[in-house]
Amino acid sequence: MAKHHVATTVNGDAVEFLCETEQTLLDCLREELDLTGAKEGCSSGDCGACSVMIDNRLVCSCLVLGVEANGKSIETIEGMADGEELHPLQRKFLEHAALQCGICTPGFLVASKALLAKNPNPSETEVRYWLAGNLCRCTGYDKIVRAVMDAATEMRGA
Amino acid sequence: MQERVKKEPEREFRVIGTRPLRPDGADKVTGRAKFGADFKMAGQLVGKVLRSPHAHARIKSIDVSKAAALPGVKAIVTRDDFKDQGSEFVPAGEMLVNYRDVVRTVMAREKALFEGHPVAAVAATSESVAREALKLIKVDYEVLPHVMDPVDAMRPDAPLLHDDMITAGVTPAPTKPSNVAKRVEFALGDVEKGFKDADVIIEREFNTKPVHQGYIEPHACVASVSEDGSAEVWVTTQGHWIVRAHCARLLGWDISKIRVTASEIGGGFGGKTVVYLEPLALALSKKSRKAVKMVMSREEVFRASGPTSGANVWVKIGAKKNGKIVAGEAILKYQAGAFQGSPVQPGCMSAFAPYDLEHVKVVGYDVVTNRPKVAAYRAPGAPISEYAVESVVDELSERLGIDPIELRLKNAAKEGTKAAYGPKFGPIGLIEGLKAAQDSPHWKAPLGKNQGRGIAAGFWFNIGGETTVSLQLNEDGTLSLMAGTPDIGGLRASLCMMAAEELGVDLGKIRPIIADTSSLGYNFLTGGSRSTFSSGMATVEAARAIIKEACVRASKLWEIPIDAVTWEDGKVKPAGDNAGKHQPMDLGDIAKIAGKTGGPIIGYSAITAHGAAPSFGVHIADAEIDPETGKATITRYTVIQDAGRAIHPSYVEGQYQGGAAQGIGWALNEEYIYGDDGKLQNPGFLDYRIPVASDLPMIDTIIVEVPNPRHPYGVRGIGETPIVPPMAAVAAAVKRATGVRFFELPMSPPKVLKGIKDAKANGGAKATA
């Protein structure tokens, strides 16, 4: 069967790609667009390593088809820093040593940014429940939660 | 809360003990870091594995003709593509491997021995063609009865996995084969004599389930074999020299032909110390003459990689009324999965290691079952045996009415204690850890309703081993550091810190890389909590070699004898009579004169790192039980552990917190669930539930620092010990919250609820299984 032509926006850039019907958005980002920041940890929406934003909505890109991206606006980890300037969340993750192996980090950062856009002043419990869809096996989450709360404080200008 | 407790007054350090940003950090927060599945080669094929749907079946025939005829299929490999291997044990991580079994693990031969066992592999032009090809391979199976549990597998009438398996370590040798690969025994003193002196004896039986390492990154590699037979492998692994050795052996190629580059690694915890896909990808690449990329799905990770053993453990401890333990005995039955090699031996050796005992006896059995072959998992074997021992120690403290920390202090191993597994301990920090626990705010804090507090100790050996580091002084005075132990959680930062401390240079002047197997001398893998210890030791040696050479070069330039120069504060200075006659030179100055004073300056250290020292931990857990559902929630948790010296305290804390979280998952949630058909029912993160952020509290840490005298900076390995105490600490907390003692992991809600109900029905809190 012929491939589908998809025209979409990724991190502000207009892009086009061809994909098979069953190809996931994650697969298209990684294989067709060479954006490998989003990771495949489970392909069942349980680990959150593939988190991206579609039209400002947080999704697991392994649960979205590539064709569904047509005409949408996608944001990935690759678009999070502003040029050389890291996003406060990225900086705080480094300062707090909130990553060990780093495989889950892109997903956590995308999900955390989505949280802070919705709730700039989350409690620890709110952070923990929001991030419950992102698995980290290395850190025990302590430093991740601290990094997100610290970034929130800085972003509020508090 | 993060604290540090030091035994000695701190030496003055400029870099060690600070918390700089990691050198590989920016790439990891921006998505640029390349993990296993992120490599891509032009023209690469997609490799996929056909796996056995049966837990135990004879493979009568494999017909690949239809698959081979499918357009887009470029190569297929089966058992016929791998030469059989003789039986020989070689070390891999803290476990031994036997190539006769490794070749059968990567590709089934006579029999499929677990559901998920590879039977064939295909390389095709696309994922969909590869999947289609797998469906066209016809395998004729003769399904055999299977056995999943170690106790069942030890019965005389159990289905046999290997017709020729005669139990080793038994005299006289058994005449009939069984599923027991070996028996091991470690003894000190005379337990019978010890138990005679006991006022109290407690004897208990425990059961634990297999649990998976649960790294978020599935196994992945790209292999490319060129026309002259030289091969490249890019792979996520804890040890690329081990990958090289295994692949060369299985394929019958020279080691020098294979160059392995370790990608960034998305977690391993022991599970990436073995090979699964790499030999298949190389064989497919050789056949197809193209690069082949292979990536496991999460389901494949669960069905066919890892996990660690499930086990049955019996423990008997005798003590005097005053709390002095007089004897400890244990029998450990660990399931190895389809091939021998469970971590029962380290399980035996570590069982009673936190205690200074006169009489100890531990017997272990390595039992094969129709499950995936176990792989190392953080302190392999120890979490199981120490869970059982620590749980009995906790019960003993209740029985004797002695505070559990006091009881442990009375019996704790210390410098000079002879461990049951042989050696005498050097300086160790268990007593310091117990005292820090006693003094911690957590231990003294009040508890709420339905809450209980437990404590447990833990031990792990730690290892050294073969290590090479190269440190190059570049033309501009910056340095390139090449290490060979993959960095899973901050290693590059720690190595650069040690080099910067030695050399007196800014941290930012050192660029670290994990070198490939053709660019650096041999390195054993990242495992056994060895990488900061061993690669750190080699880094310090390499740095000192640079300092020595810098002095030689300055003496040449200044035309004064070598003993007339010294190294001070990061500079070569003229000394003695010549003091003040020449301008001191830092490494930047030395780099400029390198060419005319003898050539490039490289510090190189190729060593077998000796002097690894054990690390003891003490964990405090608070659990709250929902009386309606039986769900245990950890409400507060503190990890106290001896690090020797924390090079980068944040990454030490990270190891403590991460190990605790894995242990909490092991204690409360995680288990492999098999149906009667021998098939895994929960091969995904939804049903194999590792702790998520909302399951856990902040995890407080107290870093105890009793330096290891045999490391230049006092480092002990610290990565594995943190997973040892949690199961017993949580079990003790659950006991105190519910009045019911549990003897089986995981303590999942249905089990806890049933335990509470049964206890009520029995008119009081009684032990339950």
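# Domains, sheets and contacts

Reader: Which domains does the domain assignment of chain A give?
Author: Domain 1 of chain A covers 4-78, and a second domain follows; such bounds come from an automatic or database domain assignment. This is a predicted model: local features need pLDDT of at least 70, side-chain atom pairs count only at pLDDT 80 or more, and totals for chains, interfaces and linings use all residues. Residues are numbered from 1 along each chain as its sequence is written, while chains are lettered from A and ligands numbered from 1 in the order in which they are written. In full, the assignment for chain A is domain 1 (4-78) and domain 2 (88-155).

Reader: How many residues does the contact take from domain 1 and domain 2 of chain A?
Author: Taken over C-alpha atoms, the centres of domain 1 and domain 2 of chain A are separated by 21 Å. Two residues are in contact if their C-beta atoms, placed from the backbone, lie within 7 Å. For domain 1 and domain 2 of chain A, the contact takes 13 residues and 11 residues, in that order.

Reader: How many nonpolar residues are on the side of domain 1 of chain A that touches domain 2 of chain A?
Author: S3(A) gives the most to this side of domain 1, with three residues. Ala, Val, Leu, Ile, Met, Phe, Trp, Tyr, Cys and Pro count as nonpolar, Asp, Glu, Lys and Arg as charged, and the others, Gly among them, as polar. By class, this side of domain 1 has four polar, one charged and, as for nonpolar residues, eight.

Reader: Why is one side of S2 and of S4 of chain A left without a neighbour in the sheet?
Author: The open sheet of chain A has five strands in the order S2-S1-S5-S3-S4, with mixed pairing. Strands (E, at least two residues) and helices (H or I, at least four) are DSSP runs, numbered from the N terminus, and two strands pair if DSSP finds at least two bridges between them. S2 (13-19) and S4 (57-60) of chain A have a free side because they stand at the edges, each with a single partner strand.

Reader: Which residue is the bridge partner of A:Met53 in S5(A)?
Author: Strands of a sheet pair through backbone hydrogen bonds, either parallel or antiparallel. S3 (51-54) and S5 (73-75) of chain A take the antiparallel sense, over two bridges. Opposite A:Met53, S5(A) offers A:Glu75.

Reader: At about what angle does H3 of chain A run to S3(A)?
Author: Axes are lines fitted to C-alpha atoms, for helices over the stretch in contact, and angles run from 0 to 180 degrees between N-to-C directions. Helix H3 (105-118) of chain A lies across S3 and S4 of chain A. To S3(A), H3(A) runs at about 40°.

Reader: Which element gives the largest share of the side of chain B that touches chain A?
Author: The contact takes 44 residues from chain A and 42 residues from chain B. On the chain B side, the elements that give two or more residues are helix H1 (25-30) and helix H18 (649-668). The largest share, eight residues, comes from H18(B).

Reader: By how many degrees are neighbouring strands of the sheet S1-S28-S27-S26-S19 of chain B turned against each other on average?
Author: This open sheet of chain B has five strands and mixed pairing. S1 (2-6) and S19 of chain B stand at the edges, each with a single partner strand, so one side of each has no neighbour in the sheet. On average, direction ignored, neighbouring strands are turned by 15°.

Reader: How many residues of S26 of chain B are buried?
Author: S26 (615-625) of chain B is joined to S19 (451-460) by 10 bridges and to S27 (632-642) by nine, antiparallel in each case. A residue is buried if 20 or more other C-beta atoms lie within 10 Å of its own, exposed if 12 or fewer, and partly exposed in between. S26(B) is mostly covered, and the buried count among its 11 residues is 10.

Reader: Which residue takes a positive phi in the hairpin of S26(B) and S27(B)?
Author: Within this pair of strands, B:Ile625 has B:Ala632 as its bridge partner. The hairpin has six residues between the strands. The positive phi, near 80°, belongs to B:Gly630.

Reader: Is B:Gly465 buried or exposed?
Author: B:Gly465 is found in strand S20 (465-473) of chain B. Among the residues B:Gly465 touches, not counting those up to four places away in sequence, are B:Phe524 and B:Thr608. With 22 other C-beta atoms within 10 Å, B:Gly465 is buried.
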